[in-house]
Amino acid sequence: MRAAVYDAPGEPLRIAEVHDPVPGPGQAVIRVAACGVCGSDLHATAPEADLARRGGVLGHEVAGEVVEVGPEPVGGWSPGDRVFVMPVGGCGRCPQCKLDRPEQCPRQRSFGALGPEEPDGGYAEYLAVSSADLLAVPSGVPLDAAALCEPLATGLMCVRQAELAIGDRVLILGAGPIGLAAAVWARFFGARRVVVSERVGHRLGVAERLGATDVIDAGLYPDAAARFAELTGAEPDAVIEAVGRPGMLNAAVAAVRPQGRVVTGGVCMEPDSFDHLLAYAKEPTIRAARVYTKAENEFILEMMASGRIDPAPMISHRVGLGDLPAAFEALRSPTDQCKVMVEPGRG
Ligand SMILES: [Zn+2]
Ligand SMILES: [Zn+2]
């Protein structure tokens, strides 16, 4: 099969012919219909981080079709089943997994070559994954939308950590896929104002389509807190940081109302300074969001199936494997890209 192989930091992905995956015990092989390009793939392959497994295949936002099931599967999967693959999976057999909480599994596993031990991911025609990590995609939900489940789950987790009350005013810093997903859910769960600050103009339009009540062009208004006050007449009850660059946590604390909530959803890969006096003055609750739950992923698929959310505007580009290396490198600098979807069936 064809796959996009990661060789080393600073080198573009390389399209290669590799062995077809064979399902081991408990595994299923999935034909990849769509795999989202994630910010963590870009982070992990950047020279300063250098975390990704060399020679591995990245990609952990996968939806597709079961083509083969190995021995001793978890669940009654058959070829042809449409599935989303939970990127953070459990063993399927321990007490936590039996309680349907794979995110608490002591033998938690992920795929997508983001670390030295992680198996190959979905920038390929096929991949082998644990059958315990599959979620059925309801009929009527296109597989490319199902692949958005992962960023949507990350945004949902941020909104859950922000403990929104009906009528809250929310500021979201950054309109990449995580910030956009947070906008979807903040509005869904009753925020009165959802204000998204971002410097890429195209993404501001997407934010408005997805539930933002107001947007701030960060190029024109670098002080998001001041602009938020102009727009809403108040300070935000919660700030969701979805950029992940040094200084953003301080900016979020500076913006939030006294005793408000700050959630960091963007993952800053470098050490960052923290303004203790500023936090002291504001007394915010600061929470770091790491992992979503299986229940959240199931809920998202259900909300898509019932038409209560439509995340399709998040997809800005669709590429086949052949065009992935160039699209992947382009994402390293700000562009009009938002979620780039790899569709290996396109060639
Ligand atoms: Zn991701
Ligand atoms: Zn387990």
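Strand E12 (residues 193-198) and strand E13 pair in the parallel sense, joined over 4 bridges. Within this pairing, Glu198 has Asp217 in E13 as its bridge partner. The model is predicted, and the points below cover its strand pairings, its two zinc sites and a nonpolar surface patch.

**Strand E13**

- Strand E13 spans residues 214-217 and has two faces that differ in cover.
- Asp214 and Ile216 make up the covered face of E13, whereas Val215 and Asp217 make up the uncovered one.
- Asp217, on the uncovered face, is also the residue that bridges to Glu198.

**Open sheet E2-E1-E4**

- An open sheet is formed by 3 strands in the order E2-E1-E4, with antiparallel pairing.
- Its edge strands are E2 (14-17) and E4 (56-57), each of which pairs on one side only.
- Strand E1 (residues 2-6) is joined to E2 by 4 bridges, and the two run antiparallel.
- One of the bridge pairs between these strands links Ala3 to Ala16 in E2.

**Strands E5, E6 and E10**

- Strand E5 (residues 61-69) pairs with strand E6 (residues 82-85) in the antiparallel sense, over 3 bridges.
- In this pairing Ala63 has Phe84 of E6 as its bridge partner.
- Strand E6 is also joined by 3 bridges to strand E10 (residues 134-136), again in an antiparallel arrangement.
- Here the bridge partner of Val85 is Leu134 in E10.

**Zinc ion (ligand 1)**

- The protein donors of this ion are Cys38 through SG, His60 through NE2, and Glu61 and Glu150 each through OE, at 2.2 to 2.4 Å from the metal.
- The arrangement is irregular because the 4 donor atoms subtend angles of 70 to 143 degrees around the zinc ion (ligand 1); a tetrahedral assignment would require all angles to lie between 85 and 135 degrees.
- Along the sequence, the donor residues follow the spacing C-x21-H-E-x88-E.
- Glu61 lies in strand E5 and Glu150 in helix H4 (residues 149-161), so this pair of donors ties together parts that are 89 residues apart in sequence.
- Glu61 counts as buried because its relative accessibility is 1%.
- Glu150 is likewise buried, with a relative accessible area of 8%.

**Zinc ion (ligand 2)**

- The protein donors of the second ion are the SG atoms of Cys91, Cys94, Cys97 and Cys105, which lie 2.3 to 2.4 Å from the metal.
- The site is tetrahedral, with angles of 107 to 114 degrees among the 4 donor atoms.
- The donor residues are spaced C-x2-C-x2-C-x7-C in sequence.
- Cys97 has a relative accessibility of 10% and therefore counts as buried.
- Cys105 also counts as buried, at 5% relative accessibility.

**Nonpolar surface patch**

- Leu51, Val267 and Met269 make a nonpolar surface patch of about 260 Å².
- Val267, one of the patch residues, is found in the loop between strand E15 (261-264) and helix H9 (276-282).

Note on methods: Residues are numbered from 1 along each chain as its sequence is written. Chains are lettered from A and ligands numbered from 1 in the order in which they are written. This is a predicted model: local features need pLDDT of at least 70, side-chain atom pairs count only at pLDDT 80 or more; totals for chains, interfaces and linings use all residues. Side-chain values use heavy atoms; hydrogens and water are left out. Two strands pair if DSSP finds at least two bridges between them. Donors are N, O and S atoms within 2.8 Å of the metal (3.2 Å for Na, K and Ca); water is not among the atoms, so sites may look incomplete. Four donors count as tetrahedral if all angles lie between 85 and 135 degrees; four count as square planar and six as octahedral if opposite donors are over 155 degrees apart and all others between 65 and 115; anything else is irregular. Buried means under 20% relative accessible area, exposed over 50%, partly exposed in between (1.4 Å probe, protein chains only). Patches are made of residues with over 30% relative accessible area and no salt bridge: like charges are joined within 9 Å, nonpolar side chains (Val, Leu, Ile, Met, Phe, Trp, Tyr) within 5 Å. Accessible areas come from the Shrake-Rupley method with a 1.4 Å probe; for residues, only the protein chains shown count as cover. A salt bridge is a side-chain nitrogen of Lys or Arg within 4 Å of a carboxyl oxygen of Asp or Glu.
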